[in-house]
Amino acid sequence: MDHLVDEFCVDNFSEDALERSFARLEEMLRTEFARIKTDEDRERFRLRWVGRKTGGLTRLSAQLAGGRPELKRVSGKLFNTLKQRFQEHYHLWELNPFSPYALAREAIDITLPGTRTLLGAEHPIIRTMNEIVAVFQRMGYSVGIGPEVETDYYNFESLNFPPNHPARDTQDTLVVANQERRPLRDRLLMRTHTSPVQIRTMERQPPPVRIVIPGKVHRNDASDATHSPIFHQVEGLCVGENVTFSDLKGTLDHAMKEFFGAAVKTRFFPSFFPFTEPSADVQISCIFCGGKGCRKCKHSGWIELLGCGMVDPSVFGFVQQKQPDYDPRKISGFAFGMGVERIAMMKYGVSDIGQFYSGDMRFFKQFGSGGRLA
Amino acid sequence: MKVLTEWLREYLPGIPVDDHKLAEDLTLRGIAVDGVFDLGAGKGSLLEMDITTNRVDAMNHYGIAREASAIYGLALPPLDTSVPRSAATQESSTRSPYPVRIDAPDLCGRFTARVLRQVTIKPSTGLRAERFAGLEQKLISNAVDATNYVWIAMGQPTHVFDLDKLEGGIVVRRAHKGEKLRTLDGVERTLDADDLVVADEKKALALAGVMGGWNSMITAETKNVVVEAAWFDPAGIRGTSRRHGLHTDASHRFERGADFNAAPVASALVSRMLLADGGETDGDLVDVVIAEAAARTAHRAPIRLEVSEVRRILGTTIEAKGITTSVVESVLTALGCLLVLRSEGVYDVTLPSWRLDLEREIDLIEEIARVYGYNRFANTLPTFDGTVVELPWARQEEKVRSTLLALGWNEALSSTFASATDAVTFAPQPASAVAMGNPLSEAAGMLRPSLVPGMLTMLGSNLNRNVEDVRLFEMGTVFRGTTDHVDERPALAIGASGLTAAEGPHQPPRPLDFYDVKGSIEELFSRFSGRSIYFDKFKPEFHLMPVWLHPGRSARVVMDRSTIGYFGQLHPAEAQVRKLKQTVFVGEIYLDRLYRQPLRQPVTRELSRFQAVRRDFSLIFPNAVRWSELEDALMGLGIEELVDLAPKEIFRDRKEEKAEYSLLLGTVFQSPERTLREEEVQNYSERILKSMGQLGGRLRS
Ligand SMILES: [Zn+2]
C-alpha cells in the first residue's frame, strides 16, 4: 500500500475514539456503496472491504487483535457491526430492482427484427411525376391539368398539327366510338400528349403564364419492354414578354440540375414538333457515368430526356380566337415536355415498362418500407 | 436513312473535318446521325441518319452536303446536268415533242418526260454498284438502279417506262373509279377516283408518285424508254399511299413536299447514266409546268425578316456580339435563300424551292438558331410577375394519398379501359360507360366507368402469382356519359386480401377483415371536415348496393348526406367469375364528392382537470341488435358527462349457432367542472342499463 495512512486504521486509544473511528468507516461504507453503478464496481467494493489479502476489514481485524485488551470487547462488537453492515449493503445490491441482476432477468434478444407497421409504397410514376412538378413549382410554375378525353381541336388542330399530319392517324390515336359523323374538330379521342392543357390554360388566362402539366396520356402503340399505350408526361409552358430561346435553355438547365444534381450538364439539338419553333431535343450528361460513357448511355455520355421549343406563332394564333392578348408580335414563350416512365425507368433501373401497370406487390414493395436494412 | 461520307465529299470536296466530327456537327444542327460505321481504308464511313419528317430536302446526299456547306461556310458546286444530245435530236428539234398532258393540275404540278432510244438494259457496274453495296441497296438493272441512285443522290424520285408498251402519249389524270392497275409489286389494285395515275391514251401505267405499273416496266428486252420526273401534290400522294397501304421511297418524299425544280435535274442525271451504257436522246426534255403549282412552291413571294425579331425570339448568345446581320446573311444564303436588304436590319428573303417547310419569318429564325448552333446560346432565366396558384383540391388529394400510404396501402395504376362486361357490372349508373372506336383489345373496349375492375385484375394477378398479402389503392379518372360527351371524375379504389400489414415474429399476423378496411376508410375520412359520417347498407331486395359487393358484408359511406362510396367483401359470385379463391375486399370512393369537403382544421377543447371515471358493462344481446342502435340509444340519453363510449370486446359463438352475443361496453364519464360523485356515476350506470334493457340486452351474470 502506497498511501501514508490506511483509511481502515482506527483510533483505538479509547472507547470514544473507537466509536468515532467506526462511525467514520460506516459513513465511508455508505458513501462507497452509493457510488456502485455496475457489477465491476461492486466487485471492487467487495475486494476493498473483505478481499482475502487486500481487504480493509482484514487489516482492521489484525490491528484490533493487537490492541489494548480492555477495549477488545467494545472493538469486537463495533467490528462485527461494521462487517454486518458491509454484508447488508453487499446483498442489498442484489435486491435492488434497478440492479443489473434484476434487469438482466428482463433482458431480451434485441437482435430479433422489430415489429414494423409497413407503410404503403408510392407508385414510382406518381412519385417521379410529383418530384418533377415540385422542381417547377419552386421555379414559379402553377400546376395545370386537363381532361384525358380531348377533342381533335385541342389535341391536334390548335397545336398546329395540319389535317394530314401523320400523328392524327387512328393508328397512333385511340378514339372514342361513333365520332365519324361529327365535325373533325369536335371528335373525341384519348389525348396523345398533355399539350392540350397549354391551349386550355392560355384560353382561360391572359399572359404571363407559367404552368407545369402532369398527366396521363394514351397512344395506340403495341406494348413492349419500353412502350406502353398508357403513359405519363410532364409538360411546361412559359409565356410572356421577352421570353427567349436562351431562357428556355436556362430554365431546363436549372431544372435538370435541381432534379438530377448540380453536376448534370444539358445539351440542345434541333428537333421538330408541330407546335414549337425553333424546336429542340435536350440531352443530359449521363447520371450514371457522369459523361464518361457506360452501358446505360450507350457509351455516348449523354441521355436524351426532353423535347422543347419556342411556342409556334400559329399556336398563339389559335389561342387569340379567345384571348387576343396572345399577339405573337408582342409576346413569346417556350414549352417543354418529358415522359415520366422513361425517367422513372432510368432512375430506378426498371427494365420493363409493363411493371408500372401490373399492380405487382413484389414490384411495389421495393419502393416502400419493409425492405431489409442495409 | 443511310449515307456514305465518300459520296458527300464528292459533292462537297472541302469538308475540313473527319467523318466522326462531321457526324457530330450535323447532329448538333438537327441533321441527326445515329451511328458512324467505318467502311475501311479510303472508303469513308456509312452514316445511319435519323432525319425529322419536315426535312425531306435533307433525306439525300446532296441535301446533306448542302447542310455541311452551311456549317463550314463552303460553296456547294451545282450538279452536272448536261445530257449528250444525239444528232437525231439536233435535227429533229422542229419535230413535235413527245405528247404529255396534265389533266389533274391540282394533283400534278410539273411533269417532265424524256425519250431515250436504243438503250441497253444490263446490270449496273462500277461506282453505282459499289455505292449500292455500301448502302445495302439491291441492284436490279441499270435503268431501275439509275432512278434509285438519283433519289439517293439528290432526293427526286423518277420512273422509267418501256416506251414500246405505251399507246399514245402520257396523260396524268385521276383514276376512274374501279379502274384496275397491276403495280410493280405484282398486286392487282382497284383504284379510287381520288388516285392520280400516269396513263397513256388507253390505260393507267403507274400509280403516280407511289409505284410504277407492271405492264410498262423495264425488262431485259426493253429498247426505248421514257424517263419521268415530276412534282406531285403532297396531300394527294399521301391519300393514295394510305388508301392502298403502299408506302414507298417515292411516296415518302412526295408526301412531304418534293423540290419543284428538281425534276429536270433528276431527269438529266438518270438519262446521263442510261446513255452511258448506250442509246441516244430522241427530242428535248418535255417539261409541262402548272403555273399555280410553281407559284405555291418554286416562286413563292419573299418573306420579311427583321433581325430585331430574331433577337427577340432567340435571346442571349454566349459570345457577346450575339446574332449579327452577318450571321443572318451567311446562314440563310448558304441554305439557298436570296436576301435583299430593305432597310437597316430588315430583309426580303426569297425561299429555295427545296425548302417547302420554310414559310414564315419564324421558320427562318429557326434556321438561323439551328445553323448557328443551339449550344452557343446562353442559359438565362425569364423574369416573371405572375402568381403561383394551386389546384383547388391539391391539398385534399395529397392528404388522401399520404394517409393511405401511412396506413400501409400501396399505390397502383391500372388500365384506363374496361371490358364491355365489366363496364356493365361496375358502372355506377346503368348504360353510362363510353365505348372506344379502335380499342387496344376486346378487353379494353370501354373507357373505365369504375376503378374496381382494374383493381380486381391487379388483385387477381397477385393472387395467381401466390402473392397473397395485397393492399392496393389507385387514384385515377373514371369516365361516364355518351360518345358525344364524356364526363371525367377523380375516383379512388382500394383492394386487399391476405394478412394484416404488421410484420414480425412478435405478434402473429391475422387475416385481414372487413373492419380493417373500414378502419382505413374511417381514418381517411377523419382527415376531412364533414360534420356527419355514417356507414349503412340497403336491404338486398332494394337492389341499391353495387352488385359486385357481398350483400351482408358491405357498406355505403355517407358524409354530410352525400354518398361518398361503397366498400366491402367482393361478392362470392363475382369472385368465382374471376377465379379468386381468397377473400377479397374492394371499395370505390367518389373523390369528386369527398374533395367538396375541406380538410379538417383541428380545434382544441379545454382539457378537464378532474378525474375521469371508467365503467365497463358486460352485456348479452340478441344477435339482431346492431352496434349503431346501441350507440344511438346511449347518445340519446343525453348524459353530458359520458365523454367516451366504445365496444371493447365482442364474442359470438358461431359454432353453437347461438341467438345471442356478448359485448363488453366501455364507458368513460368526466365533468369539466368538478369531480364526479359515486352516486352520480351510479345513476348514469343505471340509466345505461335500463336503456340497454329496452333493446333486449341484459347484464351477464
Ligand atoms: Zn453513362
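Here is a short chat about how some labels for this predicted model are earned.

User: Before we start, what makes a residue or atom count here?
Analyst: In this predicted model, local features need pLDDT of at least 70 and side-chain atom pairs count only at pLDDT 80 or more, while totals for chains, interfaces and linings use all residues. Residues are numbered from 1 along each chain as its sequence is written, chains are lettered from A and ligands numbered from 1 in the order in which they are written, and side-chain values use heavy atoms, leaving out hydrogens and water.

User: What makes an atom a donor of the zinc ion?
Analyst: Donors are N, O and S atoms within 2.8 Å of the metal (3.2 Å for Na, K and Ca), and sites may look incomplete because water is not among the atoms. The SG atoms of A:C286, A:C289, A:C294 and A:C297 lie 2.2 to 2.3 Å from the zinc ion, and these are its protein donors. Along the chain they follow the spacing C-x2-C-x4-C-x2-C.

User: Why is the site of the zinc ion called tetrahedral?
Analyst: Four donors count as tetrahedral if all angles lie between 85 and 135 degrees. The angles among the four donor atoms here are 102 to 112 degrees, so the site is tetrahedral. The ideal for four tetrahedral donors is 109.5 degrees.

User: Why is B:T387 called exposed?
Analyst: Exposed means over 50% relative accessible area, buried under 20%, and partly exposed in between (1.4 Å probe, protein chains only). B:T387 has 65% relative accessibility, so it counts as exposed. B:T387 sits in the loop between α13 (361-372) and α14 (394-406) of chain B. By contrast, A:C289 and A:C294 are both buried, and buried residues make up 51% of the 374 residues in chain A.

User: How do you know that chain A is more spread out than a compact globule?
Analyst: Chain A has 12 helices and nine strands (DSSP runs: H or I of at least four residues for helices, E of at least two for strands, numbered from the N terminus). Its radius of gyration is 42 Å, well over the 21 Å from the globule rule for 374 residues, so chain A is more spread out than a compact globule. The radius is taken over C-alpha atoms, and the rule is 2.2 Å times the number of residues to the power 0.38. The C-alpha atoms of chain A fill a box of roughly 130 × 45 × 45 Å along the principal axes.

User: Where are the domains of chain A?
Analyst: Domain 1 is 2-106 and domain 2 is 124-367, with bounds from an automatic or database domain assignment. Their C-alpha centres lie 85 Å apart.

Definitions and conventions. Four donors count as tetrahedral if all angles lie between 85 and 135 degrees; four count as square planar and six as octahedral if opposite donors are over 155 degrees apart and all others between 65 and 115; anything else is irregular.
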